[in-house]
Amino acid sequence: MPESLPGGRRAAIVGSGPAGFYAAEFLLRAGLTVDLYEKLPAPFGLVRYGVAPDHQTIKRVAGAFDRTAKQPGFRFRGNVDVGRALSVEELRTAYDVVVLAYGASTDRRLGVPGEDLEGSHAATSFVAWYNSHPDHGTNRYDLTSERAVVVGIGNVALDVARVLVRNPEELKATDIAEPALSLLRASRVREVVLLGRRGPAEAAFDQGELVDIAGLAGVEVSVEGSTNFTVPEGADAATRKNVEYLATLPREPSGRAERRVRLRFLASPSELVGTAGRVSALRFEENELVESGGKSTARGTGRFEVLETGLVIRSIGYHGTPMPGVPFDAKRGVIPNALGRVLGDGGAPIPGLYVTGWIKRGPSGLIGTNKACAKETTDGALADLPTLPAPKVLPAELDRRLGERPEPVVDYEAWRLIDQAEVERGKPLGKVRDKLATVSEMLGVALPAR
Ligand code: FAD
Ligand code: NAP
């Protein structure tokens with residue numbers, strides 16, 4: 001039993017994305033036992049449900065998490081929605097250390113009229129849909145419009161644009177959801193306009209991601225509108241690369257490419273216009289940049305333009321949600337903390353309660369960023385360990401409570417059955433895997449005798 005392993009100190013982690021798995025790695029290495037609680041039957045968070053299907057090499061990081069899961073003293077507790085099936089308070093009674101690593105799953109709002117019209121979607125839902133997330137299997141998208149508009153100009157916006165313009169035959173061998181592949185094959189989208197509210201020097205994407213789109217067969221990328229390609233003094237290397245690369249792109253589409261991606265900087269949506277409840281156009285305002293508090297911010301010029309479109313994808317960032325019984329900064333969508341120690345309402349750390357990943361820092365950073373983040377958090381937890389109160393009950397008591405629910409717990413062996421079944425299902429389709437898209441299908445494979 002894990003609780004009898006050396007040291008006898010134990011940790012619960014909530015969320016099995018990169019932050020949760022990196023935290024598990026550090027805590028196991030320090031001799032604690034780790035129970036990793038995950039809402040879904042499948043682990044890996046956005047590595048499985050966010051990273052684009054044509055980024056399979058990135059998804060291979062799951063292999064490192066798999067090695068962590070094989071360590072003695074590790075248990076995966078899948079299909080357990082913490083906050084609903086078990087409270088954080090219950091976890092705190094059974095573990096020395098509780099680390100919250102449940103990510104940021106909802107979208108930020110644009111706050112403009114027409115945002116909720118049919119045909120206007122959050123990128124958070126769109127990427128979850130093409131990645132077979134069980135909460136998004138019933139999403140519906142209409143790809144019959146020739147032009148799509150993506151609002152925002154970060155890496156997620158580029159993922160969405162790339163999936164929309166890429167020849168779908170180049171996606172068929174990936175783990176893309178089959179319904180998404182079918183819809184993309186029938187898609188009439190020929191042009192994706194990306195709207196960035198600030199200028200090229202403030203664009204949030206990585207240059208390599210745009211280079212990949214420009215290199216796709218039959219796709220042309222252009223940069224339009226009144227745009228300044230000057231590299232600001234003191235700019236970092238990433239900004240310099242972005243601006244210099246953008247300056248080399250055509251200023252208008254040649255008309256020869258089969259599909260187009262048009263970047264439009266200094267443009268903020270002011271309204272999504274609807275006809276019979278559906279988006280038919282997006283109205284945007286041209287911006288100018290103003291310096292404020294050492295930062296360039298966008299200010300409207302009063303000049304407006306209209307783009308006809310039947311599909312708007314809002315890719316302006318993710319947002320965290322609160323966990324019952326845990327302090328929350330609703331504006332930033334994060335759990336207030338000092339170096340990963342969760343701060344109570346009075347501003348003092350709550351003993352034994354920690355946070356890491358997107359729900360700690362906010363929704364930014366690559367997979368690897370979460371490793372340093374988890375190190376900071378677990379270093380704090382390990383330093384605090386001698387002073388933390390001893391748990392009152394064994395995790396076996398929580399197992400018992402969970403056993404009383406109709407929903408079964410999925411352990412790592414059961415997840416492996418899902419994993420193997422998906423790879424097998426993929427073979428006749430020529431795919432790396434064909435994901436099981438609902439919780440009941442996953443449970444049917446993971447726990448067949450249930
Ligand atoms: P997540 O990965 O979101 O993991 C959180 C986990 O917590 C999930 O498994 C979730 O199901 C679980 N959870 C939520 N609520 C509960 C609960 N109540 N109880 C139990 N479990 C719960 N980075 C790269 O380096 N390369 C890329 O190509 C790349 N592509 C990306 C594409 C997209 C669309 C997005 C959004 C991000 C991408 N990133 C990429 C960034 C990377 O995915 C994140 O940095 C990373 O996943 C954040 O890790 P996390 O563990 O904080 O959150
Ligand atoms: P992001 O990088 O923060 O980009 C969000 C974009 O939305 C920015 O362009 C931002 O502009 C814009 N925006 C925010 N509010 C807006 C508003 N009200 N109106 C108009 N535009 C608005 O977030 P993300 O693209 O969701 O990515 C999240 C993280 O995951 C990032 O760290 C990213 O690098 C990572 N990721 C990496 C990959 C990869 O490596 N391939 C792929 C996907 C995601 P401002 O800058 O003006 O705020």
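Helix H7 makes the greatest contribution to the shell around ligand 2, giving 3 residues. The model is a predicted one, and in it 21 residues surround this ligand. The closest of them are Ile 153, Asn 155, Arg 197, Arg 198 and Gly 365. By residue class, the shell around ligand 2 holds 9 nonpolar, 8 polar and 4 charged members.

Two of these closest residues also appear among the polar contacts of ligand 2. An N or O atom in the side chain of Arg 198 is 2.7 Å from an oxygen atom of the ligand, while a polar backbone atom of Gly 365 is 2.6 Å from an oxygen atom of ligand 2. Val 156 takes part through its backbone as well, with an N or O atom 3.1 Å from a ligand oxygen. Taken alone, ligand 2 exposes 920 Å², and the protein buries 81% of that area.

Turning to ligand 1, 32 residues surround this molecule, and Glu 38, Val 82, Trp 358, Gly 365 and Ile 367 are the closest. Gly 365 is thus a name to remember, being listed among the closest residues for ligand 1 and for ligand 2. Helix H7, spanning residues 155–165, comes up again here: both H7 and helix H1 (18–29) supply at least two residues of the shell around ligand 1. That shell divides into 18 nonpolar, 10 polar and 4 charged residues.

Polar contacts to ligand 1 involve backbone and side-chain atoms. A polar backbone atom of Lys 39 is 3.0 Å from a nitrogen atom of the ligand, and a backbone N or O atom of Leu 46 lies 2.9 Å from an oxygen atom of ligand 1. From Asp 81, a polar side-chain atom lies 3.0 Å from a nitrogen atom of ligand 1. The protein buries 90% of the 1,000 Å² that ligand 1 exposes when taken alone.

Helix H1 also leads to the sheet. Here 7 strands form an open sheet with mixed pairing, in the order E3-E2-E1-E4-E18-E17-E16. Its edges are strand E3 (74–77) and strand E16 (337–338), each of which pairs on one side only. H1 packs on this sheet and touches strands E1 (10–14), E2 (33–37), E3 and E4. The direction of H1 makes about 175° with that of E1. Within the sheet, strand E4 (residues 97–100) and strand E18 (residues 349–355) are parallel partners joined over 3 bridges, and Leu 100 stands opposite Val 355 in E18.

How values were computed. Residues are numbered from 1 along each chain as its sequence is written. Chains are lettered from A and ligands numbered from 1 in the order in which they are written. This is a predicted model: local features need pLDDT of at least 70, side-chain atom pairs count only at pLDDT 80 or more; totals for chains, interfaces and linings use all residues. Side-chain values use heavy atoms; hydrogens and water are left out. A residue is near a molecule or strand if one of its heavy atoms lies within 4 Å of it. A polar contact is a pair of N or O atoms within 3.5 Å; within protein, one must be able to donate a hydrogen and the other to accept it, and residues adjacent in sequence count only if both atoms are side-chain atoms. Accessible areas come from the Shrake-Rupley method with a 1.4 Å probe; for residues, only the protein chains shown count as cover. Helices (H or I, at least four residues) and strands (E, at least two) are DSSP runs, numbered from the N terminus. Ala, Val, Leu, Ile, Met, Phe, Trp, Tyr, Cys and Pro count as nonpolar, Asp, Glu, Lys and Arg as charged, and the others, Gly among them, as polar. Two strands pair if DSSP finds at least two bridges between them. Contact means heavy atoms within 4.5 Å. Axes are lines fitted to C-alpha atoms, for helices over the stretch in contact, and angles run from 0 to 180 degrees between N-to-C directions.
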